Amino acid sequence: MTSSVPSYRISVAPMMDWTDRHFRFFIRLISKHTLLYTEMVTTGAILRGKDNHRYLDFSKEENPIALQLGGDSPVALAECAKIGEGYGYDEINLNVGCPSDRVQSGSFGACLMKEPDLVAEMVSACKAKVKIPVTVKHRIGVNGKETYEDLHSFVSKIKEAGADHSIVHARIAILEGLSPKENRTVPPLRYEDVYRLKEEFPDLPITINGGIKTHAEIKEHLTKVDGVMMGRAAYDNPFLFHEVDQLYYGSKKNLPSREEVLKELISYIRLTLEKEGKVHHILRHILGLYFGEKGAREYRKFLTDRMHTTGANESILEDYLKR
């Protein structure tokens, strides 16, 4: 990777139940440089859970990788940030954007958009504990605090507290009446607000997130902001990242084919199943590999018909590649 290109130039959004270590390893076979994020891990799971290793462990192949933390206690978040740094994460990210009932009941996630002073305190506490970047992923607002002026004030406070990077989902979150799924699609995208932020905070790295699906869109956004983050598009069409290393990081390495990705995944599955889990825990993440290609439906059916059967293992991919 060229030294002038930051890892956050292209990233995959943290997504609950999706961006686990299996999905991250799979994406890393397609792109070596895209910045990856964990699922949100709550401070309680790390500090009070009996097996926080399960939430925090990852393979060295996944770097560069950021740990996303969820919580509202500056002290607890700082302690978890220190633990995450010890595990080898490249970045600590604070979740101030998730609108689910779970985070609302815990008064964190997007709820914190209403408490910029508390978020600033969270950032400051984490910065005092770790040497790696501390970043914030947030919305452009929430119902009741949804003007650009509210957004500007929020970003100003987290920047003053030492935030190294602002990752902005270009929609407000509506905390009452919409499901998390609806919150990803119903509130209108306001890309111009994110562009304006970059103009007014030129020395703060800003990444845009929300509704981005194509390289044409990525390239357009990168003329206005520092980075582009993709969520559902990355999951539904993972081979979209096939050209990322060459297009945005200056890599000269040969691009892997889909079949080469599957071949590399076989040994990962074999080693994983020797320790724990079921093969469908891994294969569920790769169903979109042939998105938009002839034979995509047959590929998905081949995997889904077999991956839940008793004793299913990596031979499913071996058999597919022999067809």
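A residue counts as buried when its relative accessible area is under 20%. The exercises below concern a predicted model.

**Exercise 1.** Determine whether C111 is buried or exposed.

*Solution.* The relative accessible area of C111 is 15%. The cut-off for a buried residue is under 20%. C111 is therefore buried.

**Exercise 2.** Establish how many disulfides the model contains, and examine C80 and C111.

*Solution.* Step one: a disulfide requires two cysteine sulfur atoms within 2.5 Å. Step two: by this rule, the count is zero. Step three: for C80, the nearest cysteine sulfur belongs to C126 and lies 8.5 Å away, and C80 is in no disulfide. Step four: for C111, the nearest cysteine sulfur is that of C98, at 9.2 Å, and C111 is likewise in no disulfide. C80 has a relative accessibility of 0% and so counts as buried.

**Exercise 3.** Describe how helix α13 and helix α16 pack, and state which residues meet.

*Solution.* Step one: α13 spans residues 258-275 and α16 spans residues 315-322. Their axes are 9 Å apart and form an angle of about 155°. Step two: angles over 145 degrees count as roughly antiparallel, so α13 is roughly antiparallel to α16. Step three: the crossing of the two helices is left-handed. Step four: α13 contributes E259, L262, K263, L265, I266, I269 and R270, which meet L317, E318, Y320 and L321 of α16. Step five: sorted by character, the residues of this contact comprise seven nonpolar and four charged, with no polar ones.

Methods:
Residues are numbered from 1 along each chain as its sequence is written. This is a predicted model: local features need pLDDT of at least 70, side-chain atom pairs count only at pLDDT 80 or more; totals for chains, interfaces and linings use all residues. Side-chain values use heavy atoms; hydrogens and water are left out. Buried means under 20% relative accessible area, exposed over 50%, partly exposed in between (1.4 Å probe, protein chains only). Axes are lines fitted to C-alpha atoms, for helices over the stretch in contact, and angles run from 0 to 180 degrees between N-to-C directions. Helices (H or I, at least four residues) and strands (E, at least two) are DSSP runs, numbered from the N terminus. Angles under 35 degrees count as roughly parallel, over 145 as roughly antiparallel, 65 to 115 as roughly perpendicular and the rest as oblique. A crossing is left-handed if the near helix is turned anticlockwise from the far one by less than a right angle, and right-handed if clockwise. Contact means heavy atoms within 4.5 Å. Ala, Val, Leu, Ile, Met, Phe, Trp, Tyr, Cys and Pro count as nonpolar, Asp, Glu, Lys and Arg as charged, and the others, Gly among them, as polar.
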